[in-house]
Amino acid sequence: MTLDFIRKTGGLERHGENGCPYRGVQAGRILTCFIPRPLLFCNPIMCGIVGYVGKNRASGILLEGLKRLEYRGYDSAGLALWKEDGFQVLKKTGRVEVLTKLAQLHELDGDLGISHTRWATHGGVTDANAHPHVSDDGRISIVHNGVIENYALLKKELESKGIQFHSETDTEVLANLIAFCYAVEPDPTGQSASARVLNAMRQALMQVEGTYGIALMCADLPHELFGARKGSPLILGVGNGENLIGSDVSAFAGRTQNVVYLSDGQIVHLTPQDFNITTVDSISVNPVISTVDWRIEDAELGLYPHYMLKEIYEQPIALENAMRGRFSQDGSTAQFGGLNIEPRELRQIDRILFLGCGTAWHSCLVAEYLIEKYARIPVEVEYASEFRYRNAPLDKNTLVFTISQSGETIDTLEAMREAQRKGYRVLGITNAVGSTIARENDGGVYQHCGQEIGVASTKAFTSQIHIAAMLALYLGRMRDMSFSEGLAIVNALQTVPGLVSQILDQADAIRTVAEKYADKTDFLFLGRQLMFPVALEGALKLKEISYIHAEGYPAAEMKHGPIALINPECPTVAIAPKGEVFKKVVSNIQEIKARNGPVIVVTNAGKDFPAGLADDVIHIPDANEIVQPTLFSVPLQMLAYHIAVARGCDVDKPRNLAKSVTVE
């Protein structure tokens, strides 16, 4: 039923003035799938949603869940509880801590509620724009992640019916649209209020253009909770006498290990004892229940001051997990059980296309260098956000890879779907079991690196590029790489966790270097060949968390423009690995020093690096070239972290950023 049709049925009735693993799981089958611990809590997205219906006090459960989801958005936070006389709503700009303190001043009873921590898209960061939003007639309360692209037109239509709005958000439009459909829903057979809410949601969502993950309450239903998703993840927590809904399984930690990942176009109805899933067009869905093996402490800071530092130090374990069970018995190659593509098909591939955004795009660039060098297969890399809007000609024997830590990045997801529409096989590298990209790809590789809460990616990036090295080995051994070279590369890959630990032992020295340059406002990062994407990632890390302007360049390109920026107040971070371009990078450093530019060098050359040439040198262990991108990335992460801390920045929650972009 469209809004035009609803208008013909009459006006609003006023009720008050208060404001699984990769594709292949059999459809319709109840399945318990045990997810190993390293995969837990791996579905970060923009904005956090938690909803609860059960027998316990909802407010504490909601606030605890929001604390675990705050890294998805921290502009504002709010909650709404069902009350007999209308919804009790508390919301405030600022962190979840501000909401928690506000909640302590109120008597918050009730066993049904929804909550939200916001990263602003539509409307400024104000109390009025914070979620939850309540419809003008007071019947519907909603929290929402995503963007309603046609909200302005819908708002105009609703205003013409006398509905008043109290915020600038697209979410309030959705709340009022559902309330409008609910108020005029015909009831010829005396259907229940639950059925009317579900019908109203279907009618409203069929009019919506854009993305959404929503949790919803109706004032007429004191023990029922509703949700729906399209483009923004939504997960059910199936408990004992209680059920939850959230944007990440971490919201359910300590309450249940049983989860259901909703798919696009699905609507869920939850009571304390049961839940029911249907599609927007009223088709029943049999759920697939996954059992997550988790520990609450895996999502806690422990003794670390920041999640980013904790995750930097978790990299040896994350890299071990990326390799576990993925080498052949003879130790000469890698093996991947989830690619869903036969070796003979892979040998027929003429070209590989990698798609990603942000840090994942840098991972794609590393994969390009590695696969072309070791497997001799031409590789192209595209920004996923650009690929989906241009008609790029691709050879029929092209294999497409997507890289996304969350598995929910909207541009990467849509680029994947575009490639599949054109008939290409698409594989993925992702960290998030049950994510949309994991379910919709034709096959892929899970990272197994555990939850990453810090907005600036660290262990997920090194895990991705380590897997890229393993893919280069796997594809190379199918072609012309020798057995002995394969053995040497496997040995090199297996030594990386220990080498990373050695780099982490230099934390104090790296912090000293960082504090020396923390007052600078511009940085250049230079690297050649494999080190160019590492330089790009190093610059991005510094920009993200310290707000210092930083740019990454191929070292030789410095003379073609960027050298004009060199001055005593603009430090250069030069990545200088041993090898064929080492002397060239040293020459570039000499050109910078001749113009009085400070230079920080990261090198594995040891005593071969000219003494006194650089202002500061960070030495890392020498290793096979195929693992050097992983090793050189770690000191750059630590450098960025300590500079940001010295500047007093909130490294886990940098301004204007969210963990993963699920809206355009």
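A nonpolar core, as I shall use the term, is a set of buried Ala, Val, Leu, Ile, Met, Phe, Trp, Tyr and Cys residues joined through side-chain atoms within 4.5 Å. With that in place, I turn to the structure before you, which is a predicted model.

The largest nonpolar core here has 97 residues. Within that core, Ile352, Phe354, Ile371 and Phe523 have the most contacts. Helix H14, spanning residues 459–478, supplies the largest share of this core, namely twelve residues. There is also a second, separate core, of 32 residues, and among its members are Ile163, Ala179, Ala228 and Val280.

Let me take Phe523 as an example. Which residues does phenylalanine 523 touch, not counting residues up to four places away in sequence? They are Tyr517, Leu542, Ile548, His549, Ala550, Glu551, Cys570, Pro571, Val573, Ile600 and Ile643.

I now come to helix packing, with two pairs to discuss. In the first pair, the axes of H10 (residues 359–374) and H17 (residues 531–546) come within 8 Å and cross at roughly 165 degrees. Because of that angle, H10 is roughly antiparallel to H17. The crossing of H10 past H17 is left-handed. On the H10 side, the contact is formed by Thr359, Trp361, His362, Leu365, Val366 and Tyr369; on the H17 side, by Phe532, Pro533, Leu536, Glu537, Leu540 and Lys541. Sorted by class, this contact of H10 with H17 comprises eight nonpolar, two polar and two charged residues.

In the second pair, H16 (residues 507–517) and H19 (residues 628–646) have axes that come within 8 Å and cross at roughly 55 degrees. H16 and H19 are therefore oblique to each other. H16 passes H19 in a right-handed crossing. H16 contributes Ala507, Ile510, Arg511, Val513, Ala514 and Glu515 to the contact, while H19 contributes Pro635, Met638, Leu639, His642, Ile643 and Ala646. Here the division for H16 with H19 is nine nonpolar, one polar and two charged residues. Ile643 of H19 appears in this contact, and Ile643 is also one of the residues touched by Phe523.

Finally, I turn to a single residue, valine 50, in strand E2 (residues 48–53). Is valine 50 buried or exposed? Valine 50 counts as buried, because its relative accessibility is 0%. Leaving aside neighbours within four places in sequence, valine 50 is in contact with Leu62, Gly65, Leu66, Leu69, Gly113, Ile114, Ser115, Ile245, Gly246 and Ala251. The C-alpha atoms of valine 50 and leucine 79 are separated by 9.0 Å, with the two residues 29 apart along the chain.

How values were computed. Residues are numbered from 1 along each chain as its sequence is written. This is a predicted model: local features need pLDDT of at least 70, side-chain atom pairs count only at pLDDT 80 or more; totals for chains, interfaces and linings use all residues. Side-chain values use heavy atoms; hydrogens and water are left out. Axes are lines fitted to C-alpha atoms, for helices over the stretch in contact, and angles run from 0 to 180 degrees between N-to-C directions. Helices (H or I, at least four residues) and strands (E, at least two) are DSSP runs, numbered from the N terminus. Angles under 35 degrees count as roughly parallel, over 145 as roughly antiparallel, 65 to 115 as roughly perpendicular and the rest as oblique. A crossing is left-handed if the near helix is turned anticlockwise from the far one by less than a right angle, and right-handed if clockwise. Contact means heavy atoms within 4.5 Å. Ala, Val, Leu, Ile, Met, Phe, Trp, Tyr, Cys and Pro count as nonpolar, Asp, Glu, Lys and Arg as charged, and the others, Gly among them, as polar. Buried means under 20% relative accessible area, exposed over 50%, partly exposed in between (1.4 Å probe, protein chains only).
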